[in-house]
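Colleague: Please take a close look at one part of this model, the internal cavity and what surrounds it. I would like the cut-offs stated along the way.

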Amino acid sequence: MKSAEAARYWDAVYTERPTPEEPRPNARLVETVTALPPGDALDLGCGGGGDALWLADQGWRVTALDVSAVATAALAQKARARGLGDRITATQHDVRASLPDLRCDLVTAHYFHTPYDQDRTPVLNAAAGLLRVGGRLLIVDHGSTAPWSWNQDPGVRYPTPQEVAALLDLSPEQWEIDRADTPSRTAIGPDGSTAEVIDHVLLVRRTA
C-alpha cells in the first residue's frame, strides 16, 4: 500500500474512532520503562498517543510518528493541553519510507501491525540503528486474537519474540536480548469490553 493510501486508511480509522481524552499507556511500556532514566524516545506508530504522553510525563523527550495526520494532530493538541508541548514532537510520517535523523535512548513499537501487507523488519532495523549505546528497542506484538481484533481468522499465527529477534538479525557483538517472553493480561477493547490476551514482548539493548 502506498503512503497516501495508508494515510487515508488510518485517518479514517482515527476519525471514526476518536482517541480518548486521557489515552492509557501500554502496560508493557510502563513495566519496562518506569525504572529507566529519562532520555530521548522514538514512538513508532504512536496512534492514540497514550505512550508518548506517559513518556513525556516521566520526563522523556518524545518523537512520535504515525502515518495518520488525524492521530498526530490529536496527540499534539493533547500534549499542549497538558503542558507537554515542549517534550512531544508529533509528526505525520510514513516510517516505511524513512525515519528522522536523530539519536535516541528508547524505541518503542507497540502493536506495530496493519491489516494490509507490510514488511516492518526494515523499519525496526533502521530504528534500532538510531539508538545510542545502552539504548533499548521495545517491540510488543499481539500473541493472541482479541474479540475486537480486525483479523478473526482462527488459523492466524503470531511470530514469537524469538522469531522476531531472528528476523532483525542484530549482531550479538552489539546487541543483547534483555527480554523475550509471552505474558498475558486483561485488555480493554474500544467498546469497553475486556478479554484475556497474550503479548509477545521483545526487549533488545544496544551494548556497543
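Modeller: What follows covers the cavity search, the lining, and then one lining residue in detail. The model is predicted, so local features need pLDDT of at least 70 and side-chain atom pairs count only at pLDDT 80 or more, while totals for chains, interfaces and linings use all residues. Residues are numbered from 1 along each chain as its sequence is written, and side-chain values use heavy atoms, with hydrogens and water left out.

A search of the whole structure gives 1 cavity of 30 Å³ or more. A cavity here is a set of points, on a 1 Å grid over the protein atoms alone, where a 1.4 Å probe fits but cannot get out; lining residues have an atom within 4 Å of a point. Grid points are joined across faces, edges and corners, and a volume is the space filled by probe spheres set on the points. By that reckoning the largest cavity has a volume of about 30 Å³.

Its lining consists of Ile139, Asp141, Pro159, Thr160, Pro161, Val164, His200, Val201 and Leu202. In terms of residue class, 6 are nonpolar, 2 polar and 1 charged. For that split, Ala, Val, Leu, Ile, Met, Phe, Trp, Tyr, Cys and Pro count as nonpolar, Asp, Glu, Lys and Arg as charged, and the others, Gly among them, as polar.

Strand S5, helix H6 (161–168) and strand S8 (194–206) each supply at least two lining residues. S8 gives the largest share, 3 residues. These elements are DSSP runs numbered from the N terminus: helices are H or I with at least four residues, strands E with at least two.

Asp141, one of the lining residues, sits in strand S5 (residues 131–142). Asp141 counts as buried because its relative accessibility is 3%; buried means under 20% relative accessible area, exposed over 50%, and partly exposed in between, with a 1.4 Å probe and protein chains only. The side chain of Asp141 makes a polar contact of 2.5 Å with that of Arg120. A polar contact is a pair of N or O atoms within 3.5 Å; within protein, one must be able to donate a hydrogen and the other to accept it, and residues adjacent in sequence count only if both atoms are side-chain atoms.

Setting aside residues up to four places away in sequence, Asp141 touches Tyr111, His113, Arg120, Val164, Ile198, Asp199 and His200, where contact means heavy atoms within 4.5 Å. Val164 and His200 also appear in the cavity lining.

Terms used:
1 Å grid on protein atoms, 1.4 Å probe; cavity = no way out; pocket = protein on both sides within 12 Å on 5 of 7 lines; lining within 4 Å.
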